[in-house]
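Hi everyone, thanks for making time. I'd like to walk you through a structure that may be new to you, so let's bring it up on the screen.

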Amino acid sequence: MKNWKFYNALFVRVLFVMILFLCSVLLLYKGFRFNAILVGFFVLIFLFEMYFFVKNQLLFYDKTINSILHNDFSTHFQEEHKKDNFKSLYLLYDTLKVQKQEQTSKELIYRSILNSIDTAALILEKDNDTWSIFIMNDCFSNLFKVPKVSHWKYLKNYIPALCSEIENVGFTELKTAISIKIEDQDLQTFMLQTSHTSTYDKEYFIILLDSIQRVIEKKEKEAWINLMKIISHELMNSLTPIRALSQNLLHIVDQEKLEEDDFEDIKSSISTIINRSDHLQVFVENYRKLAMLPTPNKQMTPINALFEDCLRIMSPILKAEGIELVNEINSSRSILIDKNQMEQVIINLITNSIHALKEKTEKKLILSSYTENNRFFIVISDNGRGVDPEIRDKVFLPFFTTRKDGAGIGLTLSKNIIEAHGGYLSYQTDEEKTDFVICLI
C-alpha cells in the first residue's frame with residue numbers, strides 16, 4: 001500500500017540529512033573544523049530522529065499485522081492513526097474486525113442451535129493426524145456425563161465403547177445401533193450416525209447419537225397425538241349436529257301450538273340424532289376392538305387350510321370385481337397361530353387390495369409365501385394404484401382411511417394381531433405394485 005505522506009516525510013528527512021552532511025564536509029574542506037564538527041553533530045541527531053521515525057512507523061505496522069494474524073482485534077486506533085499515514089491500514093484492520101465479529105456471532109448462533117436440540121452431537125476437527133473436539137453440544141455432555149474436553153484421546157476415558165466403535169471403522173460414515181454404559185447405569189442403546197466433511201484445508205467428522213428409547217417415546221407420542229385428533233374429529237362430527245338438533249327440538253316444543261311442519265322437523269331431527277348416535281356407537285365399538293384385542297389362542301394350523309378358508313369367503317367377491325387371483329401358496333407345513341385372528345388379518349388385507357384395484361382395468365391379486373432365517377413370510381400383492389407418498393406414514397394409524405365407507409381400523413387391527421403373535425406387518429409400494437408382508441417367527 002502506498003502512503004505518500006510517509007514517503008514525503010522520509011524524503012524530506014533524508015534530503016535534510018544529506019544537505020547537513022555536505023555542509024559539514026564543505027566546512028571541513030574550508031578549514032572550519034569546529035563548525036564542521038558541530039554540523040556533523042546535528043547530522044547524527046537527525047539520523048537518530050529519522051531512525052526512530054521509521055522504526056515507530058514499522059513497529060505500528062508490525063503490531064497491527066500481528067494482531068490481524070492472531071485474530072486479536074482488541075487494539076484501538078488513535079484518531080490520528082485513522083487517517084493520514086495509517087488510513088489504509090486502519091480500513092483493512094476495521095474490515096477484518098467486522099468480519100471476525102460477524103463470524104463469531106454466527107458461531108455463537110450455531111452453537112446455540114446445537115445446544116438446543118435433543119440429539120447428542122459431537123463435531124471433531126482433524127489436526128495433522130489427530131482429532132480434536134471442535135464442538136460438543138450440551139445434550140452430549142449431559143447425556144454421557146462428559147465434561148467438554150478438547151481432545152479425542154480424553155473422550156476415550158469417558159465413553160470407550162463409542163470411541164472404539166468409531167475407530168474400528170476408521171472414522172468413516174456409518175449408521176448403526178450401539179450399546180453404551182453411562183457411569184454405573186445399565187447399558188443403553190443408541191442410534192449412532194456419523195458423517196465426514198471437508199472444507200478448504202480442514203476435515204470434520206460429525207457424530208450424532210439418539211436414544212432408541214427416546215425415539216420410540218417420540219413416535220408413540222406422535223401416534224397418540226394423531227389418534228386423539230382423529231377421535232376428536234369423529235366425536236365432534238357426531239356431537240355437534242346432535243347438539244344443534246337438540247336445541248332445535250327444544251325450541252319447537254316450547255311453542256304454544258305445533259304445526260304439521262313442526263312434527264316433520266321433529267321426526268327428521270330425531271332420525272338424524274339416531275343415525276349419528278349409531279355412527280358414534282360403531283366408532284366406539286371399533287375403538288374397543290383395538291383397545292381390547294384378546295390374547296391369541298395359538299394352535300398348530302396348516303397353512304393351506306388357513307388360506308382355503310379365507311379364499312372360500314373372499315372368492316365370490318373377487319369374481320364379482322373381476323380380479324384375477326394367483327395363489328402361489330402350496331405348503332404342507334403348519335404354523336403356531338390363532339386361526340380366527342389370522343383369518344381376519346388375511347381377509348382385511350385382501351379387502352384392502354380389492355379397494356385398491358377399483359379403478360384398474362387389469363386387476364391381479366397374488367398370494368405367496370416363503371421361509372427365511374427361521375421366519376415365515378406371507379405376501380399379499382396387488383397391481384393397484386399403490387399408497388400415495390403423503391399418507392404412507394399414516395397407513396397403520398387407527399381410524400385413518402381414504403374410503404368414504406371405511407372405518408379405518410382394518411390395517412391397524414391387522415398390525416396389532418400380527419404383533420400379538422410376535423411378528424410384524426409391513427408394506428412396500430410403487431406405481432406398479434403394492435406388497436403387504438406378514439412376518440411370523
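Let me start with one pair of residues: S426 has V437 as its bridge partner, and V437 sits in β12. Before I go further, please keep in mind that this is a predicted model.

That pair belongs to a broader match between two strands. β11 and β12, the latter covering residues 434-440, pair in the antiparallel sense, and six bridges connect them. Both are part of an open sheet of five strands, and if you read across it, the order is β7-β9-β10-β12-β11, with mixed pairing. Which strands stand at the edges here? They are β7 (324-327) and β11 (424-429); each has a single partner strand, so one side of each is left without a neighbour in the sheet. From one strand to the next, the twist averages 15 degrees.

Now look at the helices around this sheet. Helix α10, residues 339-356, packs on the sheet and touches β9 (364-372), β10 (375-382), β11 and β12. Its direction makes about 25 degrees with that of β10. Helix α11, residues 410-420, lies across β11 and β12, and runs at about 130 degrees to β11.

Then there is α9, which I'd like to spend a moment on. Does its length fit what we'd expect, or what should it span? Helix α9 has 18 residues, 303-320, and at 1.5 Å a residue these should span 26 Å; the end C-alpha atoms are 26 Å apart, which agrees. The helix does bend, by about 45 degrees at M314, and the proline P316 follows within four residues.

Which residues of α9 are buried? They are I303, L306, F307, C310, L311, M314 and L318. If you look at the spacing of those numbers, a reminder helps: an α-helix has 3.6 residues a turn, so residues three or four places apart point the same way. As for what the buried residues of α9 pack against, the list is β6 (299-302), β7, β8 (334-337), α10, β9 and β10. After α9 comes G322, with a positive phi near 70 degrees.

One more stop in this part of the chain: R385, in the loop between β10 and α11. Is R385 buried or exposed? It is partly exposed, with a relative accessible area of 46%. Leaving aside neighbours within four places in sequence, R385 is in contact with A356, E359 and D430. The C-alpha atoms of R385 and T434 are separated by 8.1 Å, although these residues are 49 residues apart along the chain.

Let's move to the other sheet I want to show you. This is an open sheet of five strands in the order β2-β1-β5-β4-β3, with antiparallel pairing. Its edge strands are β2 (130-136) and β3 (175-181), each of which pairs on one side only. Neighbouring strands of this sheet are turned by 35 degrees against each other on average, direction ignored.

Take β1, residues 120-127. This strand is mostly covered, with six of its eight residues buried. Six bridges join β1 to β5, and six bridges join β1 to β2, antiparallel in the first case and antiparallel in the second. I123 is a nice residue to click on: it stands opposite I206 in β5, and I123 also stands opposite I135 in β2. β1 and β2 form a hairpin with two residues between them, and N128 in the turn has a positive phi of about 60 degrees.

At the other edge, β3 runs antiparallel to β4 (residues 187-199), and seven bridges join them. K181, for example, has L187 in β4 as its bridge partner. Helix α6, residues 160-168, lies across β3, β4 and β5 (202-211), and runs at about 150 degrees to β3.

Before I finish, have a look at S141, in helix α4 (residues 138-143). S141 is buried, with a relative accessible area of 12%. Apart from its neighbours within four places in sequence, S141 is in contact with M136, V146, P147 and K148.

Finally, the whole chain. There are 11 helices and 12 strands in the protein chain, and of its 441 residues, 33% count as buried. The protein chain exposes about 28,500 Å², with carbon and sulfur atoms supplying 55% of it. Thanks for listening!

Key
Residues are numbered from 1 along each chain as its sequence is written. This is a predicted model: local features need pLDDT of at least 70, side-chain atom pairs count only at pLDDT 80 or more; totals for chains, interfaces and linings use all residues. Side-chain values use heavy atoms; hydrogens and water are left out. Two strands pair if DSSP finds at least two bridges between them. Axes are lines fitted to C-alpha atoms, for helices over the stretch in contact, and angles run from 0 to 180 degrees between N-to-C directions. Contact means heavy atoms within 4.5 Å. Buried means under 20% relative accessible area, exposed over 50%, partly exposed in between (1.4 Å probe, protein chains only). Accessible areas come from the Shrake-Rupley method with a 1.4 Å probe; for residues, only the protein chains shown count as cover. The expected span of a helix is 1.5 Å times one less than its number of residues. The bend at a residue is the angle between axes fitted to the seven residues ending there and the seven starting there.
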